[in-house]
Amino acid sequence: MPRTNMRFWDPTGARYGLPTWPWTLGPSPDHMATERQLKARGLRPGGQDPTGQLGWLRGGEERFAALYPVELALPKRPMTPAKWAAVRKACAARRICPDCRRDVGYEPSRRLGACNDCTASGSYAAAA
């Protein structure tokens with residue numbers, strides 16, 4: 001049995017403002033789901049406010065994940081040609097080496113701060 005922290009047991013919402021359950025004791029994903037669970041099903045919250053939350057501790061800090069009713073979720077919006085164009089443009093901008101200003105066909109190393117050619121020639125300013 002997984003360990004749970006019962007400090008998050010608040011199904012009435014008196015302590016946290018929303019009904020709250022420990023991570024392992026939440027409601028059925030068939031009725032309430034996190035945004036990631038909705039996304040995996042091809043759904044989105046659709047502008048609704050969360051109706052509950054899951055709580056857990058990480059590094060001594062309280063963390064929460066919002067829960068949305070599945071029956072009120074809407075289908076995800078499809079990608080339009082304009083959205084695809086914006087994604088392609090953003091990806092192309094990330095492929096430009098900051099030193100030689102060429103589109104190198106891949107994302108240059110953020111650790112080194114330059115493309116492989118600039119790194120090999122030693123003409124880059126190594127990130128400290």
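Reader: Where is Gln48 found?

Author: In this predicted model, Gln48 is found in the loop between strand E3 (43–44) and E4.

Reader: Is Gln48 buried or exposed?

Author: Gln48 has a relative accessible area of 17%, so it counts as buried, the cut-off being under 20%.

Reader: Which backbone oxygen does its side chain reach?

Author: The side chain of Gln48 reaches the backbone oxygen of Pro45, at 2.9 Å.

Reader: And which residues does Gln48 touch, leaving out those up to four places away in sequence?

Author: Gln48 touches Tyr68, Pro69, Leu72 and Ala73. Seen from the other side, Ala73 touches Leu38, Leu43, Arg44, Pro45 and Gln48, with residues up to four places away again not counted.

Reader: Which residues make up the largest nonpolar core?

Author: That core has six residues: Ala33, Leu38, Leu43, Tyr68, Val70 and Ala73. Two of the residues that Gln48 touches, Tyr68 and Ala73, are thus members of the core. Apart from this core lies another of five residues, including Cys97, Val104, Ala114 and Cys115.

Reader: Is there a general background to such groupings?

Author: In soluble globular proteins, nonpolar side chains tend to be buried together.

Reader: Let me turn to the sheet. In what order do the strands lie?

Author: The order is E1-E4-E5-E2, in an open sheet of four strands with mixed pairing.

Reader: Which strands stand at the edges?

Author: E1 and strand E2 (32–33) do; each has a single partner strand, so one side of each has no neighbour in the sheet.

Reader: How do E1 and E4 run, and how many bridges join them?

Author: E1 and strand E4 (residues 52–58) run parallel and are joined by three bridges. Thr20 stands opposite Gln53 in E4, and Trp21 stands opposite Leu54 in E4.

Reader: What is the bridge partner of Leu54 in E5?

Author: Ala65 is the partner of Leu54 in E5. E4 pairs with strand E5 (residues 61–69) in the antiparallel sense, over seven bridges. The two strands form a hairpin with two residues between them, and Gly59 in the turn has a positive phi of about 65°.

Reader: Back to Thr20. Where does it lie, and is it buried or exposed?

Author: Thr20 lies in strand E1 (residues 20–22). Its relative accessibility is 0%, so Thr20 counts as buried.

Reader: Which polar atoms does its side chain meet?

Author: A polar atom of the Thr20 side chain lies 2.8 Å from the backbone oxygen of Leu18. The side chains of Thr20 and Gln53 are also joined by a polar contact of 3.0 Å. Gln53 is therefore both the residue opposite Thr20 in E4 and its partner in a side-chain polar contact, within the 3.5 Å cut-off.

Reader: Which residues is Thr20 in contact with, beyond four places in sequence?

Author: Thr20 is in contact with Phe8, Trp9, Asp10, Pro11, Gln53, Gly55 and Phe64.

Reader: A change of topic: which sign does the phi of Arg101 have?

Author: The phi of Arg101 is positive, at about 60°, although Arg101 is not a glycine. Most residues other than glycine have a negative phi. Arg101 is found in the loop between helix H2 (81–94) and helix H3 (116–121). With 62% relative accessibility, Arg101 counts as exposed.

Reader: What about the chain as a whole? How many helices and strands are there?

Author: There are three helices and six strands. Along the sequence, they follow the pattern β-β-α-β-β-β-β-α-α.

Reader: What is the radius of gyration of the chain?

Author: The chain has 22 Å, where a compact globule of 128 residues would have a radius of gyration near 14 Å. Its C-alpha atoms fill a box of roughly 65 × 40 × 25 Å along the principal axes.

Reader: How far apart are the C-alpha atoms of Ala14 and Pro98?

Author: They are separated by 53 Å, with the two positions 84 residues apart along the chain counted as their spacing. Ala14 has its place in the segment before E1 and is exposed, with a relative accessible area of 69%.

Reader: Finally, what share of the residues is buried, and what area does the chain expose?

Author: Buried residues make up 23% of the 128 residues. The chain exposes about 9,100 Å², of which carbon and sulfur atoms supply 54%.

Conventions:
Residues are numbered from 1 along each chain as its sequence is written. This is a predicted model: local features need pLDDT of at least 70, side-chain atom pairs count only at pLDDT 80 or more; totals for chains, interfaces and linings use all residues. Side-chain values use heavy atoms; hydrogens and water are left out. A nonpolar core is a set of buried Ala, Val, Leu, Ile, Met, Phe, Trp, Tyr and Cys residues joined through side-chain atoms within 4.5 Å. Buried means under 20% relative accessible area, exposed over 50%, partly exposed in between (1.4 Å probe, protein chains only). Contact means heavy atoms within 4.5 Å. A polar contact is a pair of N or O atoms within 3.5 Å; within protein, one must be able to donate a hydrogen and the other to accept it, and residues adjacent in sequence count only if both atoms are side-chain atoms. Two strands pair if DSSP finds at least two bridges between them. The radius of gyration is taken over C-alpha atoms; the globule rule is 2.2 Å times the number of residues to the power 0.38. Accessible areas come from the Shrake-Rupley method with a 1.4 Å probe; for residues, only the protein chains shown count as cover.
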